[in-house]
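Please walk through this fold with me, beginning with its sheets, moving on to its helices and ending at a single loop residue.

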Amino acid sequence: MSILVCGSIAYDTLFSFEDRFDNHILPDQLHKISTTFKVPSMRREFGGCGGNIAYNLALLGERPIVMAAVGEDFEPYRMHLRRVGVDDRFVRTVRGKFTSQCFGIADRDGNQLMAFHPGSMDDAVLNHMDVLEEGVQVAIVAPSGHAACLQHCRELAERGTPFIFDPGQELPLFSREELHELVDLASYVTLNDYESELMKERAGLPVEVLRHRVEALVVTRGAQGAEIYAGDSVHLIPRADTGRPPVDPMGCGDAFRAGLLYGLRHRLGWKETGRIANVMGAVKVASQGPQNHHIDPEGLAELYECAYGEPWPL
């Protein structure tokens, strides 16, 4: 039995601009802007929700199956995923396209200019659940394009596979009717603080209502930890203080979701599952980039005990 991850795979190319944008942009000339920012530092990261979640599951000792669509430039990323133990059999290469790309420039005040090229992500609809030969114990449908998300949720529900619906930044793309449908198809829903408010506004599903439509609703609250609503219970999971200073939040939510999947896979209680998820998020946030952190099961167990005063639950 395996964990299935449906989600985007992308390259993140990030630049640092050592000055302020507003020193180089004339506010009254924005209608015909033409300027260049000299960026002395650049880094390219492996990213995308699906890739990030799978990477973190591999750190937890799992061998997750990833389902995604990528471009002809994917090979270095494929080798990276294989090295850590991710099953890439259902990562489809689309000829003539690039893997999804995100380009970002940040100035010294933390302001950002971003450009996103979906590339092959729009072809994720070519992937269907009937290719899965072995049983999948639990799955997650993370952002991977509007049409693919709808399709994968419907197909997983038809197979009877329990899954997490994780709309993420794609939540505004869904209509009210679609959000209601996907919530009813899913076993679990994960949202961050902002997304929970957006779900209330766009679908009329506040936390108090949404929690009773699924087996469990997980809402992350940043430094305040997480809330897990399961049945009539609410589990308040404090953040994991591992003693490591925060460095970069990019990919932290994906690391958290890997912890949730791990707990579901091993049938742990919600308290333990939420704690593992928080520990994974804390490990990630202490490292630059979404897939540059490294830790073994023994190290995770030590951090878990340090943060919560109890032994690793497995």
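Two strands are taken to pair here if DSSP finds at least two bridges between them. On that basis, in this predicted model, nine strands make up an open sheet of mixed pairing, ordered β5-β4-β1-β8-β9-β10-β11-β12-β13. Its edges are formed by β5 and β13 (233-237), each of which pairs on one side only, and from one strand to the next the twist averages 20°.

Strand β4, residues 65-70, is a useful place to enter this sheet. Joined to β4 by three bridges is strand β1 (residues 2-6), the two running parallel, and within this pairing C6 has M67 of β4 as its bridge partner. Strand β5 (residues 87-93) is also parallel to β4 and is connected to it by five bridges, with I65 standing opposite D87 of β5. Between β4 and β5 the chain passes through helix α2 (residues 75-84), and the resulting β-α-β crossover is right-handed.

How many of the six residues of strand β4 are buried? Six of the six are buried, so the strand is largely enclosed by the rest of the structure. The burial extends to both faces of β4, since I65, M67 and A69 on one side are buried, as are V66, A68 and V70 on the other. Further along the sheet order, strand β9 (residues 163-165) and strand β10 (residues 188-192) pair in the parallel sense through two bridges, and F165 is found opposite V189 of β10.

A second open sheet, again with mixed pairing, consists of four strands in the order β3-β2-β6-β7. Because β3 (41-47) and β7 (112-117) stand at its edges with a single partner strand each, one side of each is left without a neighbour in the sheet. On average, and with direction ignored, neighbouring strands of this sheet are turned by 15° against each other. Within it, strand β2 (residues 10-16) and strand β6 (residues 100-106) pair in the parallel sense over seven bridges, one register point being T13, whose bridge partner in β6 is F103. Helix α2 packs on this sheet, where it touches β2 and β3, and the direction of α2 makes about 60° with that of β3.

The helices can be considered next. Two packed helices are described by the angle between their axes and the distance between the axes. For helix α1 (residues 49-59) and α2, the axes come within 9 Å and cross at roughly 25°; as angles under 35 degrees count as roughly parallel, α1 and α2 are therefore roughly parallel to each other. On the α1 side the contact is made by G51, N52, Y55 and A58, and on the α2 side by Y77, H80, L81 and V84. Sorted by class, this contact between α1 and α2 comprises five nonpolar and three polar residues, with no charged ones.

The last stop is R108, which lies in the loop between β6 and β7. Is R108 buried or exposed? Exposed means over 50% relative accessible area, so R108, at 53% relative accessibility, counts as exposed. Even when its neighbours within four places in sequence are left aside, R108 is in contact with F17, E18, D19 and R20. Of these, E18 lies 90 residues away from R108 along the chain, while the C-alpha atoms of R108 and E18 are separated by 5.4 Å.

Technical notes. Residues are numbered from 1 along each chain as its sequence is written. This is a predicted model: local features need pLDDT of at least 70, side-chain atom pairs count only at pLDDT 80 or more; totals for chains, interfaces and linings use all residues. Side-chain values use heavy atoms; hydrogens and water are left out. Buried means under 20% relative accessible area, exposed over 50%, partly exposed in between (1.4 Å probe, protein chains only). A crossover is right-handed if, with the strands pointing away from the viewer, the path from the first strand over the helix to the second runs clockwise. Axes are lines fitted to C-alpha atoms, for helices over the stretch in contact, and angles run from 0 to 180 degrees between N-to-C directions. Angles under 35 degrees count as roughly parallel, over 145 as roughly antiparallel, 65 to 115 as roughly perpendicular and the rest as oblique. Contact means heavy atoms within 4.5 Å. Ala, Val, Leu, Ile, Met, Phe, Trp, Tyr, Cys and Pro count as nonpolar, Asp, Glu, Lys and Arg as charged, and the others, Gly among them, as polar.
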